[in-house]
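Please set out how the strands, cores, cysteines and selected loop residues of this protein are arranged. A report in running text with one small table will do.

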Amino acid sequence: MRLFQNSGLYPSYVPQLNQLAAKATNFEARRAVFLNDRFGAPHFLKPVLDGSSDAFFTNGDDDVQQRQWARAQGIAGTPTLEAILLAQIEHHRTEVFYNLDPVRYPSAFVAKLPGCVKTTLSWRAAPSGNADLTAYGAVLGNFPSILESWRSKGCRAELFFPAADPVMDEYGQGERPIDVAFVGGYSRHHSTRGRTLEQVAALGAGHRIVFCLDASRLTRLAESAIGRVLPLGKHRRPDAIAAIARPPVFGRDLYALFGSAKIVLNGAIDMAGNDRGNMRCFEAMGCGALLASDSGSYPEGMQDGLTMRTYDAPEQAATLISRCLQDWPQSAGIAARGRTSLQQTYSKAAQWEHFVDLVTRIGPC
């Protein structure tokens, strides 16, 4: 199977990638830096991470990387990123195209794919407005309610999961000096998450709490010296959160943080209804931290009291975390079972086997 996997860069991660890849002068070198940093690795299929000659990976929205490839191929002028991606697919003689960035490259893009492509799949685990993905052989995701919404739009939709990154095993094998860590977005649209963070931040007087927050542009402005005199109060974070907030972390930096934390706090947002199991769950459990998250419908292997802990309301999160820290030996046992469960249930080998099965069942376009 000649596999092409396309992904996209998270805007806040781009400065970190540019710094890490400052000396990468060609496409292969920059891609290698990105893959080594592991940002998004739970989504990347085994042949990509193994460096298989039949697998090709790129970030189709990475202007630097894509133009490095185009120049190396002697493509003249200033082609669009879409044109470069299509040229890569044709050059690779792709048979299976798996797109993690389908809103940027929707059905209109699928219609332009070269004839060598026999099967197309996309990953989308979030509401996407009026995006048309009906031309894909299937939309994959791990939230049943969102998959059902894609079906209502005329798409075939199939359950699929992230996987434990084997590199996670390098982290969290020693002491865990951080009591609670949280990494994620924060804006006024995250009202439930915001209340949870505020409750847990109040534990900072007696515990080491680390919040790495990707604040919205308006939040950053509201908390600046100039923003303090503007009518932007609703965009400012509560003082308890702002006092301990750090910049966001990604990739191996995130693994290192979670590997140093006893507990990783997770808070779902409203997009998935009662469905749970976002990427942070896989990252936290994979790095051996105790996942503390809001209650809901979790996938296999994520069970309250056995492999993780859940709370029913934001006001209960701090109480739950305090109890877990007070009886850390028992909590550490739950975290260890969680790590083992994730590795066994969501291994890269199992993810790839599931993907091959989907390609077989979905068949040619």
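Strand β1 (residues 3–7) runs parallel to β2, and 5 bridges join the two. Strands count as paired if DSSP finds at least two bridges between them. Helices (H or I, at least four residues) and strands (E, at least two) are DSSP runs, numbered from the N terminus. One bridge at this pairing links S7 to N59 in β2.

The model is predicted, and local features need pLDDT of at least 70, side-chain atom pairs count only at pLDDT 80 or more, while totals for chains, interfaces and linings use all residues. Residues are numbered from 1 along each chain as its sequence is written, and side-chain values use heavy atoms, with hydrogens and water left out.

**The six-stranded sheet**

β1 and β2 belong to an open sheet of 6 strands, in the order β2-β1-β3-β4-β5-β6, with parallel pairing. The edges are formed by β2 (55–59) and β6 (157–159); each has a single partner strand, so one side of each is left without a neighbour in the sheet. On average, neighbouring strands of this sheet are turned by 20° against each other, direction ignored. Helix α15 (residues 348–362) lies across β1, β3 (96–99), β4 (119–123), β5 (138–141) and β6, and runs at about 130° to β4. For such angles, axes are lines fitted to C-alpha atoms, for helices over the stretch in contact, and the values run from 0 to 180 degrees between N-to-C directions.

**Strand β8 and its partners**

Strand β8 (residues 209–215) is mostly covered, with 7 of its 7 residues buried. Buried means under 20% relative accessible area, exposed over 50%, and partly exposed in between (1.4 Å probe, protein chains only). I209, F211, L213 and A215 are buried on one side of β8, and V210, C212 and D214 are buried on the other. The pairings of β8 are listed below.

| Partner of β8 | Sense and bridges | One bridge pair |
|---|---|---|
| β7 (residues 178–186) | parallel, 7 bridges | Y186 with A215 |
| β9 (residues 245–246) | parallel, 2 bridges | C212 with R246 |

**Helix α11 and the nonpolar cores**

Helix α11 (residues 251–259) is mostly covered: 7 of its 9 residues are buried. These are G251, R252, L254, Y255, L257, F258 and G259. They pack against α2 (27–37), β7, β8, β10 (261–265) and α12 (279–286). Contact here means heavy atoms within 4.5 Å.

What does L257 touch, not counting residues up to four places away in sequence? The residues are I178, A181, V183, V210, C212 and V249.

The largest nonpolar core has 84 residues, and those with the most contacts inside it are F34, Y98, L140, L257, F258 and F355. Helix α5 (residues 81–92) supplies the largest share of this core, 5 residues. A second, separate core of 24 residues includes F182, A292, A317 and A318. A nonpolar core is a set of buried Ala, Val, Leu, Ile, Met, Phe, Trp, Tyr and Cys residues joined through side-chain atoms within 4.5 Å. In soluble globular proteins, nonpolar side chains tend to be buried together.

**Cysteines**

How many disulfides does a search of the whole structure find? The search finds 0 disulfides, a disulfide being a pair of cysteine sulfur atoms within 2.5 Å. For C281, the nearest cysteine sulfur is that of C287, 13 Å away. Likewise, the closest cysteine sulfur to that of C287 is in C281, and 13 Å is too far for a bond. C281 counts as buried because its relative accessibility is 0%. C287 is buried too, with a relative accessible area of 0%.

**Two loop residues**

D101 is placed in the loop between β3 and α6 (107–110). At 12% relative accessibility, D101 counts as buried. Its side chain makes a polar contact with the side chain of R104 (2.8 Å). A polar contact is a pair of N or O atoms within 3.5 Å; within protein, one must be able to donate a hydrogen and the other to accept it, and residues adjacent in sequence count only if both atoms are side-chain atoms. Not counting residues up to four places away in sequence, D101 touches N6, S7, G8 and D61.

S297 lies in the loop between β11 (290–294) and β12 (309–311). With a relative accessible area of 39%, S297 is partly exposed. Leaving aside neighbours within four places in sequence, S297 is in contact with N274, D275 and R276. The C-alpha atoms of S297 and G273 are separated by 9.4 Å, and the two residues are 24 apart along the chain.
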